[in-house]
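Here are some short exercises on charged side chains, each with a worked solution. Have the structure open and try each task before reading on.

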Amino acid sequence: MDIGCGDGFFAIPAARLVGERGRVYALDVDSEAVDRLRRRAKKEGLTNLSLKVGQAEETVLCEACADIVFVGINLHDFRNPSKVLMNAKRMLKLTGRLIDLDWKKQPMEMGPPLEIRFSDKKAASLIKAAGFIIEAVKESGPYHYLIVAKQYSELAANSQ
């Protein structure tokens, strides 16, 4: 699942990676961006993308079907990031992972305005509050951080 996929910067490589036997679901509120993604996928012959226009706060693409829910450099952009994360949890399999890649909260010449960015600590706090366990928080180059989280559930806790 690529939540806030835009025109496919991450969805296209993910579709290549999972191959014909896998499926990538991509969701974005911007219908023009989704149309660009659709055209790019068609041009590349990628038939394993399922695209949807909608708000991540209001959309659950499936129940417990995803191995990975990816939120790529946009958690800070959502109207209600907590609701987006709760929906992500609903979409993940018990063994799945949430991946949040986002801009570091530090001054730089690129990216969104500093005042709307989430620090890795704030993002991790939101992710925990949505019922996840943080597995890792890492730097991802000079501009981004990466958070990997898994679901917390009694079933998962008892199986460890």
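**Exercise 1. Is R117 buried or exposed, and which side chain of opposite charge is nearest?**

Solution. The model you are looking at is a predicted one.

Step 1: R117 is buried.

Step 2: the nearest side chain of opposite charge belongs to D102, 7.2 Å away. A salt bridge requires a side-chain nitrogen of Lys or Arg within 4 Å of a carboxyl oxygen of Asp or Glu, and R117 has no salt bridge.

**Exercise 2. Describe the surroundings of R117.**

Solution. Step 1: place the residue. R117 sits in the loop that runs between β5 (92-103) and α4 (120-129).

Step 2: look for a polar partner. A polar atom of the R117 side chain lies 2.8 Å from the backbone oxygen of M110.

Step 3: list the contacts. Leaving aside residues up to four places away in sequence, R117 touches H76, W103, K104, K105, Q106, M108, M110, G111 and P112.

**Exercise 3. How many salt bridges does the structure hold, and where in the chain are the partners R36 and D7?**

Solution. Step 1: the count for the structure is 9 salt bridges.

Step 2: one of them joins the side chains of R36 and D7, at 3.7 Å from N to O.

Step 3: this pair links distant parts of the chain, 29 residues apart. R36 belongs to helix α2 (residues 31-44), while D7 is in the loop between β1 (2-3) and α1 (11-18).

Step 4: check the accessibility of both ends. R36 is partly exposed at 34% relative accessible area, and D7 is partly exposed at 31%.

**Exercise 4. Work out which residues are linked with R79 in a network of salt bridges.**

Solution. Step 1: take E57. The side chains of R79 and E57 meet in a salt bridge of 3.7 Å, N to O. R79 is in the loop between β4 (66-72) and α3 (81-91), and E57 is in the loop between β3 (49-53) and β4, 22 residues apart.

Step 2: compare their accessibility. R79 counts as exposed at 56% relative accessibility, whereas E57, at 5%, counts as buried.

Step 3: take E58. R79 forms a salt bridge with E58 too, with the closest N and O atoms 3.8 Å apart. E58 is in the loop between β3 and β4, 21 residues from R79. Both R79 and E58 are exposed.

Step 4: put the pairs together. E57, E58 and R79 are linked in a network of salt bridges.

Methods
Residues numbered from 1 in each chain as written. Predicted model: local features only at pLDDT ≥ 70, side-chain atom pairs only at ≥ 80, totals over all residues. Heavy atoms only, no water. Helix = DSSP H or I, 4+ residues; strand = E, 2+ residues; numbered from the N terminus. Buried < 20%, exposed > 50% of the residue type's maximum accessible area, 1.4 Å probe, protein only. Lys, Arg positive; Asp, Glu negative; His and termini not counted. Polar contact = N/O pair within 3.5 Å; in protein donor to acceptor, adjacent residues only side chain to side chain. Contact = heavy atoms within 4.5 Å.
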